Amino acid sequence: MNTLFRSFSSIALLSALPLSSALAADPIGKLYTMSNATAGNEILVYSRLADGSLLPIDHIVTYGLGTGTGLGNQSALTLSGDGALLFAVNAGNNSISSFRITATGLEFIKTVSSGGVRPVRSQKIVVDYTF
């Protein structure tokens, strides 16, 4: 009986392997980050897979400039409270870009002046942002 159980356990494990790797390839969300490039800042979009890995899927121009160095912050990209909008700091030319998050990706709205020099946080600006 013990040998029979081990045989069935091995078959179940082997048959589950292709299923688990297929599930690992299923996207379960998106991750957004920025290039902060001096020649033109971009939002870098990655698909987040069930196994925790990331797959690069897109890069979208912000119509602003980065500084080419780290900004030393955690708010250069900020989601609106309802998760419908994404705001990106363009510290190289003192601007903030906005995007609508849709089912098919990011939709550029506009870029506006930050009202300051070398912005590193978009969090405070979001409150007064108008379209």
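This passage describes a sheet, a nonpolar core and a salt bridge in a predicted model.

Three strands form an open sheet in the order β1-β2-β3, and their pairing is antiparallel. The edge positions are taken by β1 (27-34) and β3 (54-61); each has a single partner strand, so one side of each is left without a neighbour in the sheet. On average, neighbouring strands of this sheet are turned by 25 degrees against each other, direction ignored. Strand β2 covers residues 42-49 and is joined to β1 by seven bridges, the two strands running antiparallel. Within β2, S47 is the bridge partner of K30.

The largest nonpolar core holds 14 residues, of which I43, F99 and L106 touch the most other members. At least two residues of this core come from each of β2, β5 (85-90) and β6 (95-102). The largest contribution is that of β5, which gives five residues. When residues up to four places away in sequence are not counted, L106 touches Y32, I43, V45, I60, L86, F99, R100 and I101. The contacts of L106 thus include I43 and F99, the two residues named with L106 as touching the most other core members.

R100, one of the residues touched by L106, also takes part in a salt bridge, in which its side chain meets that of E107 at 2.9 Å, N to O. A search of the whole structure finds one salt bridge. Partly exposed residues have a relative accessible area between 20% and 50%. R100 has 35% relative accessibility and therefore counts as partly exposed. E107, at 37% relative accessibility, is likewise counted as partly exposed.

Note on methods
Residues numbered from 1 in each chain as written. Predicted model: local features only at pLDDT ≥ 70, side-chain atom pairs only at ≥ 80, totals over all residues. Heavy atoms only, no water. Pairing = 2+ DSSP bridges. Helix = DSSP H or I, 4+ residues; strand = E, 2+ residues; numbered from the N terminus. Axes fitted to C-alpha atoms, helices over the stretch in contact; angles between N-to-C directions. Core = buried A, V, L, I, M, F, W, Y, C linked by side-chain atoms within 4.5 Å. Buried < 20%, exposed > 50% of the residue type's maximum accessible area, 1.4 Å probe, protein only. Contact = heavy atoms within 4.5 Å. Salt bridge = Lys/Arg side-chain N within 4 Å of Asp/Glu carboxyl O.
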